[in-house]
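Here are some short exercises to work through with the model open in your viewer. Try each one before you read its solution.

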Amino acid sequence: MELRQLRYFVAVAEELNFGRAAARLRIAGPSLSQQIKSLERDLGVRLFERDRRTVTLTPHGETLLPPTRALLEQADALRRTARGFAASEPVRLGYVSWRPPDLAERVSGVAQLLVDAWVMPSHTQAARVADGSVDLAIAWVRATDLAEQELNGRLLGADRLFAVAVGDESPVRARDTVVLVDADTEAWASWNIYAVEFARATGATVERIEDHGITGPAFFDHVRRLGRPVVSSPKRDATPLPRGFVRRQVVDPVPVWTWALVSRRDETRPAVLAAVDALTRDVTVDFDPRGCWLPADDPFRAELPGL
């Protein structure tokens with residue numbers, strides 16, 4: 001016997017109509033009927049008399065309805081109390097460069113979110129979740145990373161990457177772009193992996209650098225030097241576009257960078273689990289995924305139809 005089945009029993013008893021009860025519970029009618037039959041088998045009594053036109057409570061059903069309602073009210077009160085405990089429990093979150101602007105609003109009343117000021121690369125933030133330094137992280141990860149470190153990843157957002165060039169603002173084909181790969185594999189491991197695979201898949205040119213010019217003023221120096229559109233990484237910085245520089249859409253295909261909310265696979269703390277649900281509920285992407293490109297090992301390919 002499950003609480004869910006008891007809720008089904010109360011809904012049917014109040015509606016005295018399986019169709020209306022199923023609509024109220026947002027489940028299929030046949031499924032509701034099967035759950036009621038299963039509950040009746042567990043209890044060893046019939047709860048309803050049914051024919052083609054009417055549904056009525058049996059004497060057993062009438063007797064069991066009040067204590068069932070009371071039991072469900074107690075369960076709801078227990079859940080509310082536990083939710084209150086979770087809302088006051090701190091949850092530590094690390095990130096790389098992006099986080100939803102409504103981060104605090106999403107978890108309000110669910111958990112006390114403490115955003116870690118130590119901004120580190122994606123692979124480092126994922127490792128910090130695995131070793132318990134933080135509870136959650138917003139990072140770019142591969143399915144392999146999640147499996148090896150026993151982590152879960154939920155889609156939190158996705159960026160459509162663009163290219164930076166001088167002058168022309170028209171879209172540019174992926175094969176006509178350049179991607180920068182830095183020699184510092186510790187600081188730029190995630191981006192290097194993404195960039196090299198993107199180049200192999202599309203024909204883009206790989207330009208190897210040693211000055212951390214993936215972002216900042218050095219990035220624009222490389223754009224000037226190369227004289228070609230250079231794909232910009234998703235790492236945000238405050239450096240404005242120099243005069244004469246433009247952002248160009250990359251097409252055929254569009255490079256997409258996904259952001260995962262990473263948690264430990266064996267996580268049991270209610271506050272952390274509630275924060276994960278609150279942050280990733282109803283996440284959507286704001287572009288048409290058809291014609292887009294993701295790395296082969298991206299864990300969210302199935303969640304972006306058309307890829």
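## Exercise 1: Arginine 142

Arginine 142 has 26% relative accessibility and so counts as partly exposed (between buried, under 20% relative accessible area, and exposed, over 50%, with a 1.4 Å probe and protein chains only). This is a predicted model, where local features need pLDDT of at least 70, side-chain atom pairs count only at pLDDT 80 or more, and totals for chains, interfaces and linings use all residues. Residues are numbered from 1 along each chain as its sequence is written, and side-chain values use heavy atoms, leaving out hydrogens and water.

Task: find what arginine 142 is in contact with, leaving aside neighbours within four places in sequence.

Solution:
1. Go to the loop between β5 (136-139) and α7 (143-148), where arginine 142 lies. Helices (H or I, at least four residues) and strands (E, at least two) are DSSP runs numbered from the N terminus.
2. Look for heavy atoms within 4.5 Å, the cut-off for contact: Ile193, Asp297 and Pro299 come up.
3. Check the C-alpha atoms of arginine 142 and aspartate 298: they are 5.0 Å apart, although 156 residues separate the two along the chain.

## Exercise 2: A salt bridge

Task: identify which residue forms a salt bridge with arginine 142.

Solution:
1. Search for a side-chain nitrogen of Lys or Arg within 4 Å of a carboxyl oxygen of Asp or Glu.
2. Aspartate 145 is the partner, with the closest N and O atoms 3.1 Å apart.
3. Compare accessibility: aspartate 145 counts as buried because its value is 17%.
4. For the wider picture, the structure holds 19 salt bridges.
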